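The following account leads the reader through a protein and its ligand, beginning with the contacts between them and then turning to the pockets. Please keep the sequence and the structure in view while reading.

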Amino acid sequence: MSTRWSQVAGADSGDAYARRFAALAATGQDVHGEATFCASLVEPGARVLDAGCGHGRVTIELARRGYDVVGLDIDDSMLDLAKRTAPDVRWVRADLAQLDPRALGLEGGFDLVVAAGNVIPLLAPGTEPMVLANLTACLRARGQLVAGFGLDPSHLPLDDAPVTLADYDAWCTAAGTTFERRYATWQGAPYAHGAYAVSVHVLRDK
Ligand SMILES: C[S@@+](CC[C@H](N)C(=O)[O-])C[C@H]1O[C@@H](n2cnc3c(N)ncnc32)[C@H](O)[C@@H]1O
């Protein structure tokens, strides 16, 4: 089943996406808010899975800061660019909806799983509960799951917002996590029912 991302992104999505962030960085904008947020949750050396890593923006910055990070994505164009930029990082091409964490050596050991950049609403429709179960299968007990995504079309590359926070929290609960806290931005602004949210859930003891 094709992801919502593959429906909105072209064949050269990797280069186009990278150009967008390069242009933002050139104007002085911080393009590493997600990595900084992750670094506030776990110490350098921690194992981090960047789920839906794209061209590796967050993965590569976390590796640079001393994290033991794996980047995983299904989009060849994005992943090829990530591999070219940081060949020493571990990259995995896989579908989050059909992930076999054990076969990929990803099971149970991660301190943090991050899904940045609207990964959750860009999954294939209907696969979200399975993806959340697969992501939490990669976490150690008390490991943290972090996702940031838009809740209205102005924060998404879509005409509508397919995922609500109620949906997301329900999938996370079913996948064995407990809601921890929520912010409006990756910089930690308080969440006040706006149209973007960064959510932290913690895996219950296994
Ligand atoms: C907007 S990009 C975000 C990339 C990166 N996380 C960032 O913040 O720069 C969304 C990514 O989610 C990935 N994605 C969507 N559904 C996926 C799935 N089922 N399995 C793996 N990756 C998926 C897409 O391929 C795409 O690279």
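In this predicted model, a nitrogen atom of the ligand lies 2.9 Å from a backbone N or O atom of Ala 116. The backbone of Ile 74 also takes part, with a polar atom 3.5 Å from a nitrogen atom of the ligand. Arg 57, by contrast, contributes its side chain: a polar atom there is 2.7 Å from an oxygen atom of the ligand. On its own, the ligand has 600 Å² of accessible area, and the protein covers 98% of that area.

The surroundings of the ligand may be considered next. A shell of 19 residues encloses the ligand, and the closest of these are Gly 52, Arg 57, Asp 73, Asp 95 and Leu 96. By residue class, the shell comprises 11 nonpolar, 4 polar and 4 charged residues.

Which pocket does the ligand take up? The space of the ligand is the second largest pocket. This second largest pocket has a volume of about 430 Å³. Its lining is made up of 28 residues, and Trp 5, Gly 52, Cys 53, Asp 73 and Val 119 are the closest to the centre. Helix H4 (57-64) and strand E2 (68-73) are the elements that give two or more residues to this lining. In the lining of the second largest pocket, 17 residues are nonpolar, 7 are polar and 4 are charged. Gly 52 and Asp 73 thus appear both among the residues closest to the ligand and among those closest to the centre of the second largest pocket.

There remains the largest pocket, which holds about 630 Å³ of space. Of its 26 lining residues, those closest to the centre are Arg 20, Phe 21, Glu 34, Arg 57 and Gly 117. Two or more residues of this lining come from each of helix H2 (13-26) and helix H3 (33-41). H2 gives the most, with 6 residues. The lining of the largest pocket divides into 12 nonpolar, 10 polar and 4 charged residues. Arg 57 connects the two parts of this description: the residue is one of those closest to the centre of the largest pocket, and a polar atom of its side chain lies 2.7 Å from an oxygen atom of the ligand.

Notes
Residues are numbered from 1 along each chain as its sequence is written. This is a predicted model: local features need pLDDT of at least 70, side-chain atom pairs count only at pLDDT 80 or more; totals for chains, interfaces and linings use all residues. Side-chain values use heavy atoms; hydrogens and water are left out. A residue is near a molecule or strand if one of its heavy atoms lies within 4 Å of it. A polar contact is a pair of N or O atoms within 3.5 Å; within protein, one must be able to donate a hydrogen and the other to accept it, and residues adjacent in sequence count only if both atoms are side-chain atoms. Accessible areas come from the Shrake-Rupley method with a 1.4 Å probe; for residues, only the protein chains shown count as cover. On a 1 Å grid over the protein atoms alone, a cavity is a set of points where a 1.4 Å probe fits but cannot get out, and a pocket is an open set with protein on both sides within 12 Å along at least five of seven lines; lining residues have an atom within 4 Å of a point. A molecule sits in a cavity or pocket if more than half of its atoms lie within 2 Å of its grid points. Ala, Val, Leu, Ile, Met, Phe, Trp, Tyr, Cys and Pro count as nonpolar, Asp, Glu, Lys and Arg as charged, and the others, Gly among them, as polar. Grid points are joined across faces, edges and corners, and a volume is the space filled by probe spheres set on the points. Helices (H or I, at least four residues) and strands (E, at least two) are DSSP runs, numbered from the N terminus.
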